[in-house]
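The report below describes the fold, the core and several individual residues of one protein chain. Please keep the sequence and the coordinates in view while reading.

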Amino acid sequence: QVQVVESGGGLVQAGESLRLSCAASGSFFSIGTMAWYRQAPGKQRDVVATITSGGTASYADSLKGRFTTSRDNAKNTVYLQMNSLKPEDTAVYYCMAIIATTSRSGNVMTYWGKGTLVTVSS
């Protein structure tokens with residue numbers, strides 16, 4: 001059973017920083033790309049950042065310069081450092097991981113965490 005669990009959300013004031021973590025656990029062969037998405041109330045879920053297994057990161061254009069993602073492959077964990085937070089960053093932040101459950105070709109699945117709420121007050 002593979003699990004993806006986010007942590008680190010909370011209530012902060014505008015201008016402050018927050019670091020989210022997402023850890024994958026269970027029985028699997030390898031983890032490929034991991035990503036962060038967010039969904040604000042009444043809006044669709046949008047990608048925030050992605051990072052490959054080799055550490056290449058990409059970001060939503062509107063978030064470049066404020067958000068940074070990184071990963072620790074030894075810990076099966078991805079991080080999202082969020083700086084200079086704004087009220088419009090308020091959302092549930094979700095982690096996504098593409099995981100090969102076995103070494104056999106084709107046994108790749110996408111797993112989602114349940115999300116962690118980030119609230120930024122003005």
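Helices (H or I, at least four residues) and strands (E, at least two) are DSSP runs, numbered from the N terminus. The model is a predicted one, in which local features need pLDDT of at least 70 and side-chain atom pairs count only at pLDDT 80 or more, while totals for chains, interfaces and linings use all residues. Residues are numbered from 1 along each chain as its sequence is written, and side-chain values use heavy atoms, with hydrogens and water left out.

**Overall fold**

The protein has eleven strands and zero helices, so defined as DSSP runs. The C-alpha trace spans about 50 × 25 × 25 Å along its principal axes. For 122 residues, a compact globule would have a radius of gyration near 14 Å, and the protein agrees with this, having 14 Å; the radius is taken over C-alpha atoms, and the globule rule is 2.2 Å times the number of residues to the power 0.38. Of the 122 residues, 35% count as buried, where buried means under 20% relative accessible area, exposed means over 50%, and partly exposed lies in between (1.4 Å probe, protein chains only). Contact means heavy atoms within 4.5 Å, and among contacts between residues at least 6 apart in sequence, 55% join residues at least 24 apart.

**The four-stranded sheet**

An open sheet is formed by four strands in the order S1-S3-S8-S7, with antiparallel pairing; two strands pair if DSSP finds at least two bridges between them. Its edge strands are S1 (3–7) and S7 (67–72), each of which pairs on one side only. From one strand to the next the twist averages 15°, with axes that are lines fitted to C-alpha atoms (for helices over the stretch in contact) and angles that run from 0 to 180 degrees between N-to-C directions. Strand S3 (residues 18–25) pairs with S1 over five bridges in the antiparallel sense, and within S3 it is serine 21 that is the bridge partner of serine 7. Serine 21 counts as buried, at 19% relative accessibility. Leaving out residues up to four places away in sequence, serine 21 touches Val5, Glu6, Ser7, Trp36, Thr77, Val78 and Tyr79.

**Core and disulfide**

A nonpolar core is a set of buried Ala, Val, Leu, Ile, Met, Phe, Trp, Tyr and Cys residues joined through side-chain atoms within 4.5 Å. The largest such core has 28 residues, and Leu80, Met82 and Tyr93 are those with the most contacts inside it. Strands S3, S4 (30–39), S5 (45–51), S8 (77–82), S9 (91–100) and S11 (116–121) each supply at least two residues of this core, and S9 gives the most, with five residues. Tyrosine 93 touches a set of residues that includes Glu6, Leu20, Tyr37, Phe67, Leu80, Met82 and Val118, when residues up to four places away in sequence are not counted.

The structure holds one disulfide, a disulfide being a pair of cysteine sulfur atoms within 2.5 Å. The bond is formed by cysteine 22 and cysteine 95, whose sulfur atoms are 2.1 Å apart. Because cysteine 22 lies in strand S3 and cysteine 95 in strand S9, the pair ties together parts that are 73 residues apart in sequence. The torsion about the S-S bond of cysteine 22 and cysteine 95 is about -80°, so the disulfide is left-handed. Both cysteine 22 and cysteine 95 are buried.

**Individual residues**

Valine 2 is found in the segment before S1, and at 12% relative accessibility valine 2 counts as buried. Not counting its neighbours within four places in sequence, valine 2 is in contact with Ser25, Ser27, Phe28, Ile99 and Tyr111. The C-alpha atoms of valine 2 and glutamine 13 are separated by 34 Å, the two residues being eleven apart along the chain.

Two loop residues with a positive phi, neither of them glycine, are set out below.

| Residue | Location | Phi | Relative accessible area |
|---|---|---|---|
| Asparagine 76 | loop between S7 and S8 | near 55° | 26%, partly exposed |
| Serine 84 | loop between S8 and S9 | about 45° | 41%, partly exposed |
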